[in-house]
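Biologist: Please take one helix of this protein and go through it closely. I would like to know how it sits among the parts around it.

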Amino acid sequence: MQIKKAQYLLTAVKASQYPEAALPAVTFCGRSNVGKSSLINCLLNRRNLARTSSQPGKTRTINFYAVDDRWYLVDLPGYGFAKVARSERDNWRFMIDEYMHGYQGPNLFLQLVDIRHEPSALDKQMWAWLQAAGVNCRLIATKADKISKGARDRQLTLISKTLQAPKRDIIAFSSINRDGRDELLRLIGDYLAADTANDTADEAEASAATELQAQGAEV
Ligand SMILES: Nc1nc2c(ncn2[C@@H]2O[C@H](COP(=O)(O)OP(=O)(O)OP(=O)(O)O)[C@@H](O)[C@H]2O)c(=O)[nH]1
Ligand SMILES: [Mg+2]
């Protein structure tokens, strides 16, 4: 899959502010500093797209980017800030929960974890939360350039065990040398193709029903 056009679309803190067209979304989450902005910029081939729209004040919001007029890349605010007031954490939880359950279009959640470390308690909670919500989700292990190939394999095993996710499904990614970028693009491309196939199947079903109705059949 190739990405030709990406632009910042809007910022939301509640469901009424989500874009009107519920296009398929690919949503990135992870703790602060895990490499989310770097990954998004690397994926979209832009130097500073992710950072530009997350200036202070906007960092606690859900940011939508429109990609190729076909899907949204969604950047969720990071978790794990050391000094965040309880009320702010509660707001964050409410906002993410509403998004997880309230976004009307198809959604693929990508949770980022640092490949060098065992997933933290917060990483585990986030992953468990995604599982409990029953959303489509996958893991990406960031900063893969920081460790050797051997260590990479060991760390992927550790992440897989800790989060109980199949190791082959975890993409090791580096924004520095672009490792994993093709794999991630393929994952997103397959997800979007499956969505199109569903639409086509729905349309075929609807037109078959219309045809039957026209023939006086009960559907
Ligand atoms: N070596 C290496 N460094 C990375 C990589 N990705 C991000 N970094 C560095 O990690 C730091 C954090 O990266 P960001 O992309 O800003 O992380 P973030 O998750 O968006 O952080 P917040 O927006 O502050 O929550 C920066 O210093 C990046 O240069 C990577 O793949 N390899
Ligand atoms: Mg960021």
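Modeller: The model is predicted, and its protein chain has 6 helices and 7 strands. In sequence order they run β-β-α-α-β-β-α-β-α-β-α-β-α. Of the 219 residues in the chain, 33% count as buried. Among contacts between residues at least 6 apart in sequence, 74% join residues at least 24 apart.

The helix to look at is α4, residues 121-133. Helix α4 has 13 residues and spans 18 Å from its first C-alpha to its last, close to the 18 Å expected at 1.5 Å a residue.

Which residues of α4 are buried? They are D123, M126, W127 and L130. Seen down the axis of α4, the buried residues fall within an arc of 95 degrees, so they line one face of the helix. The spacing behind such a pattern is general: an α-helix has 3.6 residues a turn, so residues three or four places apart point the same way. On the other side of α4, the exposed residues are A121, Q125, A128 and A132.

The buried residues of α4 are covered by parts that include the strands β2 (25-30), β5 (107-114) and β6 (136-142), and also helix α5 (149-163). Just after α4 comes G134, with a positive phi of about 70 degrees.

To sum up α4: D123, M126, W127 and L130 are buried, while A121, Q125, A128 and A132 are exposed on the other side.

Terms used. Residues are numbered from 1 along each chain as its sequence is written. Chains are lettered from A and ligands numbered from 1 in the order in which they are written. This is a predicted model: local features need pLDDT of at least 70, side-chain atom pairs count only at pLDDT 80 or more; totals for chains, interfaces and linings use all residues. Helices (H or I, at least four residues) and strands (E, at least two) are DSSP runs, numbered from the N terminus. A residue is buried if 20 or more other C-beta atoms lie within 10 Å of its own, exposed if 12 or fewer, and partly exposed in between; C-beta atoms are placed from the backbone. Two residues are in contact if their C-beta atoms, placed from the backbone, lie within 7 Å. The expected span of a helix is 1.5 Å times one less than its number of residues. The arc is that of the directions from the helix axis to the C-beta atoms.
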